[in-house]
Structures are given as C-alpha cells and as structure tokens.
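Have your viewer open and your selection tool ready. We will go stop by stop, with something to select at each one.

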Amino acid sequence: MNFEVEYTPEQEAFRKEVQSFLKVNVPAGLVTTAAVEAITHEQYLMQRELGRKLGGKGWLFPTYPKEYGGGGLNLDQTIILEEEMDQYGLSLPPYYNSGGNLGAPSILVWGTDGQKRQFLPPIFKGEVRVWQLLTEPGAGSDLASVKTTALRDGDDYVLSGQKIFVGSNHEVDWLWTLAVTDPNAPRHENLSWFMLDASLPGITIQPLDLLTAGGEGGAGSGVKNSVFFDDVRAPASALVGGENNGWKVATTHLELEHGGGGHIGRNRLWERLLHYCMTHELDGRPMTKDQDIRDLLMDIYIDIEIGRLFGVRNYFLTHAKKARSYEGPQSSMWRKSGNLRIAGFIQKILGYLALTTDPAHVVEEGHIELHQRSAIVGLHPGGTVEVQKLIMARRIGIGRTVREEAGRLA
Amino acid sequence: MDLSLNEQQELLKRTVADFMVHECPKTVLLELDRHETGAPPELWNRIAALGWVGMLIPQQYGGGGNSLTDTAVVYEELGKGPLPGPYFSSGVLGALTVLEAGSEEQKRQILPNVARGSQILSVAAQEPARKWGPGMVQLTATPQNGTLTLNGTKLFIHDAVAATHLVVAVRTQASQNPAQGISLVVVDKSLPGVSARTLPGFLGWVCEVKFENVRVPASAVLGQAGNGWPAFARAMEKAIPILCSYQVGGCEAVFDMSVEYSRTRIQFAQPIGRFQRVQDHIIHLTNHMDAARWTTYEALWKLDSDRPAASSVHLAKAVSSEGYYQACNYAHEVHAGIGISREYGLTLHTKMSRTLYQCLGDPLYHKRRMADALDL
C-alpha cells in the first residue's frame, strides 16, 4: 500500500511547470475570504480569467479526454495540479461550477458525439461557467418528483417551472437542468436532462436569503438563487442522454455529488483552529495546554482524519478505476454529520468567540464563525444525511440480497 | 498512490481465510472460548508451522522477515474468528520487544524458539491500581550476587497462562521521569514462585501474575538495565497497528453477521433490514469498521515506509478500539435476542472487543498521547 503520491523526475518537472504558471497567472487580488458572498465582481472575473488560462492548457479538467479540451492527464499529475492550486487556497476550477463539474462527466457517459463536441470543450476550457439545477420547492430528497416540465413543441422543448437552492453569485453561462418530458409516464421514466443557455428569454434568477452560502464540500459557492422558467424555448439538441432517460443519467452525477469522486487536500478549518489555540491564552497559559481543550481538539482531529481517509480512499477508487459501492455516500455522510459534530466541539472550546464576527473579537478572520453556520447549511446539498444513509443501505445490501450498484463514471 | 494489497498479500489473505473457514469454524471457536489458553497445542503448533507466528521476526532469527502490512493481513483474518490464543502476545508484541530491547545473543537465543512456537512470550507490564503508562511499573527486582529477585503482582496480563516465558517490566532505578529506570526481565514461567491465573468474567485470557521471591540471573535482563521502557515503546508502536488489524477483522465479521441477519430475519412479514431504524445500526457499524480499517492501514504504511508514525499509531488504536467496541454494540442492536445466545458467535466478538479496548492503553490514553505526538 502507498498513501502518498510518489513523483518521478518527469512529474517533478510538471510540478515546476505548474508552479511557474500559477506564479505568473494567479493575480494578487484573488483572495479567499470567509464571507464568500462578499467576493466582488472584479474578483469573480479574475477567477474566470484564471480558469480560461488553466483551461487553455487542459488543466481545468485535467483527467478528461484531450479530444474535448480536457488535459488527458493521469491521477498523479492531477494531484500535483490540485496541490499547487491549494497553495493559493484555490480549487479546480477556481470558481463555483457545479453544472460543469457534475454535468460534464454525465455528458461524457451519456451524450451523443455531437453533444460531447458541442458542450464539453467550452466547459473544459473554462469558457463557460455552469450551474446545476435539481431541487425544486416541492422536490428535495425526493428528486424524482420534480415538477418543472420541458414539453416537446416542434424542434424545441418549452420549459416551465421553478428550481431552488441553485448556483452562486455573479453571472452564469449555462444551466444543467432536470425536467419532466413526459408528464404521463411513470416515475423515473419521465425525466430528461438539458444543457441550457442561461441567457434564453424567460429565465429569471433571484437570490435567496440564507443562513450562509454552502455547497457540497463547502466549495465556496456564494449565495444561492431561485431560477424561474417561464415558457423557455430550448432547441431539442439541448436534451442529453435520451428523452425520458434522465433518471439513469442522474445516477452518474449523483454518484459524484454524493462524494464518490473523493478528495485529497489539507483541512483549513483544523489549521485555523489549531493556530488560534496555540497562539492564544486561557487562564494564563496557551489554550492547547488545557487538558479539556486538548481532549476536545483530539475529538475534532479524529473526526477530520477519518473524513480525510474516506476522501483519499474514494479518490483512489475513482482515479484507479476500482469498483465502488457505498463509499461515496459514506464519505458525504461523514463530512456532513462530522462538520456538525465539529462545530459543537469548537463551541465547547471557544464559547461565544466561536459565534461572533465583531472585528475586535473575531477568531481567524471570521472563518470559525462561518463554520458554525456552514456546518448547518452544508447538511443538505447533494442529498441530506438521511438520503446518504438510504443509498448506503441499498448498496451494502441491508435487508436485500441484490446490492444496488454505484453510478457509472466515465 | 496505491491503496490495494499487493499480489502476495492477496494470496496470503485468501490462504488465511481458507484456513479459518476449514480449521476454525464456529464450532471450533466456541470450544476455544472455553479453553484455558485459547490455543490447544496442536492448533498452536500448526499455525506456528505455517509461519504465521514468526512473520515479524527477521529471517536471521528464524522468522519470516515480513513487513507489518503482510502481518496485518494475517491478523485481520484471525480477528474475524476471533481466533484467541497468544499469537499477538508472543509473535508480535513479545517478539518485537525482544528485537527492540535484547542483545544480539538474546535475540539469537529467544527468537527462533518464538518463531517455531516452542517458546511463548507474554509481556507483563501493568500493575494493580495503576493507569496504563510507564508510571505503572513499580514491581521491584532486587539485585544480589549476579541475580535479581522479583516480588510483586502484575495485573491484566494478556496470555500469561499460555506463555512459557514472561517479559516482565520491573523498576530497577528510581527516577523523576517514569519512563527511565525500567528493565525488561525474561522470566521462565516454570521457575519457583511464579504463578499465573486467568481472570474470570467478561474478558478473555487476561491474567494476574504473582512473583514471590523469583530469582533470575542478571543476564535475564533484555539489553541494558534501566532502558527497558523506550525499547518497549518502540515495540508497541509497531505492534499496535497489528492489534488494530485484528480489531478491524472483528468489525468485518460482525458487519457480515449483521448484514446477513438483516436479510434473513423476517418480522412484520419482511426482512428486518427493510426497516430504516435497523439500517441505521448497520450504517454506523460500517462507518466504525471503515474508520478502523483506514486509520490502521495508514499507520502500517507509515511504519513500513519508515515515516514518522507516532500520531498515526495512536489514532489507529483510539479509533479501532472504539470502533470494534461500538461495532459489536450495533451488531447486538440488530440481532436482539439471538445475539446474546453464546452459540450464535456474536458474543465471542463482544467479549474480545471489551478486552482489546483496554489492551496496551485505552482510547483516551491514545488520544492524549496523540496530542503529545502532534506537539499541541
């Protein structure tokens, strides 16, 4: 077994190349702030500009096929890219792009050749930013009960309905949307996916007032929106994966959204909390020398370490193309319920200080207070903890002899 | 990055799994549960002859010279039984302690016999009314004319009744630092004055050992007198992840039992696994199992590749001990009445999970040492 990526001289050379590229191309004003909703439009444009530059080199979606604008790179090179981006507090892509991250792999599995050529290169090259639209006011955990319709009319589909908890702040180019294409068909046989131009007439995007921004994995997703479709006319070519085949298509991206893709990287929350506790005193000695605080810090550390190892395992399973079962939803469940547990431990350590954003008393530039809120907000995106448990149970085969299979990834 | 077992390890895993299925089915395990040492000589000798006791002992001392990960593959399968007996006490903790502390001559004298199974070691460190850690070692060994005389009691010593030789931690010098001044003395258990008995109750093969005027030659001290604890600590760092892998195997066994029972037990006209309350128990069990597994594998990898491993070893022990304990609790929630029937086999694990929870330090001890190792 080897938990570490070992680099050949060629890979070390690749790291140098990435480092010099980022040194030149990551602008100074591109900072990670606790208040993601406060990212200015100017900063957003910097993120997009960096995305296009990375995309030009195939580094935005490094493991995807070159023929569609991906990097065609292997696992180790991808890890190098992610590690180097992480040095700047950035991930790949350096902006919220749920519809690209989750729609692109679905298109790669389910799209026609023409659709792959049409949709994938702009995503992989960073020319478009895409949001994913799943949830509706009446369809959350029961995703298959969405009501937004896309009815065939000549060469077009006409969309009507409302999506909620969508996207981020600033503008978006495409929308990756699930809708009902046959209102009379049985459940799971009535849905289709669409890749829509966000500028089509009849689309209205309206921000929501939420406890905080939040996304699966806390990917700095900014504010969330409602999206309204009022008789939006889209070309038939926007339908991906076959009419009324949308539930099958969904298994691919839901697998990724449920944590199946895995994750590697350091934990900034832990670094920040530890930094604070080591540099501040309680009753005349460093907080880390207090036995109660040490015990609580170890409770947090254990929770984080287990989550990290689940992420590393899933990352390996995905990129080494090994068989997967319940590991994706397990990782998602652990991260979600773990963040809430950790928020509790942190309040036990810091008390009121965990809760205030007052400039005179704020801890670690507000990141700790933000975590208290985002741990709650982060419980639902990509499926609630209860939904993750349901999926785990089916894949483990609890109470059933046929185990449900994990979603297909390309 | 490669988180899979290599080909030899996969083969080894299948070999041990086959052995367990054919040689140690549940009927045998239930008999072993009532056996004084958990390891009747014929079974012990067969397993020693297969080379599984001496895996960690270097080839020049008659062992297999295997890596910790290779060895963990075997112990994970043994843990699925769980197969009792002094395999870990002698072949892992005992052998590693002699390797870390002993002189070249002592290693040559002792280790080939341990690998062969003709000598069985048990390390006796803990004492009554003492918390785990070097401070617990208070038993005295009085030097006189080239001999040491041991008097006192060691408590909660694993497999001391099965052992032929005890490696006894004794205090030979007083010191401000409790980790200093401890010596490790090899005591032939057949010497006059040594008595060991197994403690009864909800624990397995844990013993009390008494020493009454037990005289051993000074040459029985492993290596240098007074330097025993640091050597024992090095041995424990390597031994603990093997113990963890045994706990991981135990988690896997109770997981398999619980999933199977969820499919076959019918109540309210359906398999009980259709009830989400039952599913929840198995999901929590799964998380404990995988947390134990991956913290253990990472610690093994760090040790085998000579990386600093202290905090990972403490993490693995804290998580695996808690994990096996909780996994058994959840399995009992799933099984209800049938789970407490001794012949069903679940309670073999439950008892083992309680016993190993304490072995070489409980989770709280390891959490606190982990904080130290992380320089908090």
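How many residues of domain 1 of chain B are in contact with domain 3 of chain B? The count is 26 residues of domain 1, touching 31 residues of domain 3, where contact means heavy atoms within 4.5 Å.

Before you select anything, note that this is a predicted model, in which local features need pLDDT of at least 70 and side-chain atom pairs count only at pLDDT 80 or more, while totals for chains, interfaces and linings use all residues. Residues are numbered from 1 along each chain as its sequence is written, chains are lettered from A and ligands numbered from 1 in the order in which they are written, and side-chain values use heavy atoms, with hydrogens and water left out.

**Stop 1: the domains of chain B**

Colour chain B by its three domains: domain 1 (7-119), domain 2 (122-227) and domain 3 (230-373). These bounds come from an automatic or database domain assignment. The centres of domain 1 and domain 3 of chain B, taken over C-alpha atoms, are 21 Å apart.

Now show the surface where domain 1 and domain 3 of chain B meet. About 2,400 Å² is buried between them, with carbon and sulfur atoms giving 67%; buried area is the accessible area (1.4 Å probe) that two parts lose on being put together, summed over both. On the domain 1 side, select L68(B), E76(B) and E100(B): they lose the most area to domain 3 of chain B, together 26% of what that side buries.

Keep E100(B) selected and add R234(B). Their side chains form a salt bridge, 2.8 Å from N to O. The term stands for a side-chain nitrogen of Lys or Arg within 4 Å of a carboxyl oxygen of Asp or Glu, and the rule finds four of them across this domain interface.

Polar contacts come next: 14 residue pairs, both at pLDDT 80 or more, link domain 1 and domain 3 of chain B in this way. A polar contact is a pair of N or O atoms within 3.5 Å; within protein, one must be able to donate a hydrogen and the other to accept it, and residues adjacent in sequence count only if both atoms are side-chain atoms.

Which helix of chain B gives the most residues to the domain 1 side? Helix 4 does, with nine residues. Helix 2 (26-33), helix 4 (68-80) and helix 5 (87-101) of chain B each supply at least two. Helices (H or I, at least four residues) and strands (E, at least two) are DSSP runs, numbered from the N terminus.

While you are here, select G81(B) and P82(B). The peptide bond between them is cis, with omega near -5°, and P82(B) sits in the loop between helix 4 and helix 5 of chain B.

**Stop 2: where the chains meet**

Bring chain A into view. In this interface, 42 residues of chain B are in contact with 44 residues of chain A. The two chains bury about 4,200 Å² between them, 65% of it on carbon and sulfur atoms. In chain B, M1(B), L3(B) and L376(B) lose the most area to chain A, together 22% of what that side buries.

Select D280(B) and K389(A) for a salt bridge whose closest N and O atoms are 3.4 Å apart. The count between the two chains is seven salt bridges, and 18 residue pairs (both at pLDDT 80 or more) are in polar contact. Helix 8 of chain B gives the most to the side that touches chain A, with 16 residues.

**Stop 3: chain A details**

Select F14(A) and W59(A), an edge-to-face aromatic pair at 5.5 Å centre to centre and 80° between the planes. F14(A) is in helix 1 (residues 9-25) and W59(A) in the loop between helix 2 (41-56) and helix 3 (75-86) of chain A, so the pair ties together parts that are 45 residues apart in sequence. Rings of Phe, Tyr and Trp (its six-membered ring) pair if their centres lie within 6.5 Å; planes under 30 degrees apart count as stacked, over 60 as edge-to-face and the rest as tilted.

Move on to L92(A) and P93(A), joined by a cis peptide bond with omega of about -15°. P93(A) is in the loop between helix 3 and helix 4 (98-110) of chain A.

Finish at N244(A), which has a positive phi of about 65° although it is not a glycine. Look for N244(A) in the loop between strand 8 (239-240) and helix 6 (246-260) of chain A.
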